[in-house]
Amino acid sequence: AFYGCSNLTSINIPNSVTSIGERAFENCRSLTSINIPTSVTAIGRAAFAYCTVLTSINIPSSVTSIGKRAFYYCRSLTSINISTSVTSIGERAFIGCRSLMSINIPNSVTSIEEYAFADCSNLTSVVFEGSNPPRVTKITDIFENAPNNLKLIIPKGAKSRYIRAGYPGDKLIEQ
């Protein structure tokens, strides 16, 4: 719909919209802010890919899935608020979000696909709110090229479950 609109800086999506489709705002390189209404239930594949100056995103409670490559190489993205209704984070959803330093994964998330947070070179803290770890294809791919000081913060008493699910024990911190 708005693919490559290089002068688009912000947009308010009307409440009548229920889905942000595939590549809807891809390459909108001047887009700094967007308001996603609670009528939206899905963010499609590459919906905001290469929105290189987008700094923050609030994913409303109506959204249940974040599609593949949804925020692919949004290099200025520093803040993501993922609502507790999201159950899946798609393949490469946040790959290359180099300004992202921390993120909270709500306990509603049951699956994270490969390379979801790869090349997030400043990501130092991922807070998993659930005692049961999200299913992952290969944990090393999820955080590929993350800094060595990346910490995966999990609820107290959940460490053995996360280790059995393939998460690296040396990165896990119970709180």
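Trainee: How many bridges join β11 to β13, and do they run parallel or antiparallel?
Mentor: In this predicted model, β11 and β13 run parallel and are joined by three bridges. Within that pairing, serine 125 has lysine 151 in β13 as its bridge partner.

Trainee: Which strand pairs with β13 over three bridges in the parallel sense, besides that?
Mentor: That is strand β14, residues 172-174. Leucine 152 stands opposite leucine 172 there. Between β13 and β14 the chain passes through helix α2, residues 159-164. This β-α-β crossover is right-handed.

Trainee: Moving to the open sheet, what is its strand order?
Mentor: The six strands are arranged as β2-β4-β6-β8-β10-β12, and the pairing is parallel. The edge strands, each pairing on one side only, are β2 (19-20) and β12 (135-136).

Trainee: Which strand is joined to β2, and by how many bridges?
Mentor: Strand β4, residues 42-43, runs parallel to β2, with two bridges between them. Isoleucine 20 stands opposite isoleucine 43 of β4.

Trainee: On to the interior. Which residues of the largest nonpolar core touch the most other members?
Mentor: They are Phe25, Phe48, Phe71, Ile89, Phe117 and Phe143, in a core of 54 residues. At least two residues of this core come from each of β5 (56-59), β7 (79-82), β9 (102-105), β11 (125-128), α1 (139-142) and β13 (151-154). As a general matter, nonpolar side chains in soluble globular proteins tend to be buried together.

Trainee: What does phenylalanine 71 touch?
Mentor: Setting aside residues up to four places away in sequence, phenylalanine 71 touches Ile43, Phe48, Leu54, Ile57, Ile59, Ile66, Leu77, Ala93, Phe94, Ile95 and Cys97. Another core of seven residues lies apart from the largest one, and its members include Tyr72, Ile95, Tyr115 and Ala118.

Trainee: And isoleucine 82, is that buried or exposed?
Mentor: Isoleucine 82, in strand β7, is counted as buried because its relative accessible area is 6%, and the cut-off for buried is under 20%. Beyond its neighbours within four places in sequence, isoleucine 82 is in contact with Ile59, Ile66, Ile89, Ile103, Asn104 and Pro106. The C-alpha atoms of isoleucine 82 and asparagine 58 are 6.7 Å apart, although these residues are 24 apart in sequence.

Trainee: Different topic: how many salt bridges are there in the whole structure?
Mentor: The search finds four salt bridges. One of them joins glutamate 22 to arginine 45, where the closest N and O atoms are 3.7 Å apart. This pair links distant parts of the chain, 23 residues apart: glutamate 22 is in the loop between β2 and β3 (33-35), and arginine 45 is in the loop between β4 and β5.

Trainee: How accessible are glutamate 22 and arginine 45?
Mentor: Glutamate 22 is exposed at 52% relative accessible area, whereas arginine 45 is partly exposed at 38%.

Trainee: Which glutamate meets arginine 23 in a salt bridge?
Mentor: Glutamate 26 does, at 2.5 Å from N to O. Arginine 23 is partly exposed, with 36% relative accessibility, while glutamate 26 is buried, with a relative accessible area of 8%.

Trainee: And where glutamate 91 and arginine 92 meet, what is the N to O distance?
Mentor: The distance is 2.6 Å in that salt bridge. Both glutamate 91 and arginine 92 are buried.

Trainee: Which residues are linked in a network of salt bridges?
Mentor: The network links Lys68, Glu91 and Arg92. In general, side chains of opposite charge can pair when their charged atoms come close.

Technical notes: Residues numbered from 1 in each chain as written. Predicted model: local features only at pLDDT ≥ 70, side-chain atom pairs only at ≥ 80, totals over all residues. Heavy atoms only, no water. Core = buried A, V, L, I, M, F, W, Y, C linked by side-chain atoms within 4.5 Å. Buried < 20%, exposed > 50% of the residue type's maximum accessible area, 1.4 Å probe, protein only. Helix = DSSP H or I, 4+ residues; strand = E, 2+ residues; numbered from the N terminus. Contact = heavy atoms within 4.5 Å. Pairing = 2+ DSSP bridges. Salt bridge = Lys/Arg side-chain N within 4 Å of Asp/Glu carboxyl O. Right-handed = clockwise from strand over helix to strand, strands pointing away.
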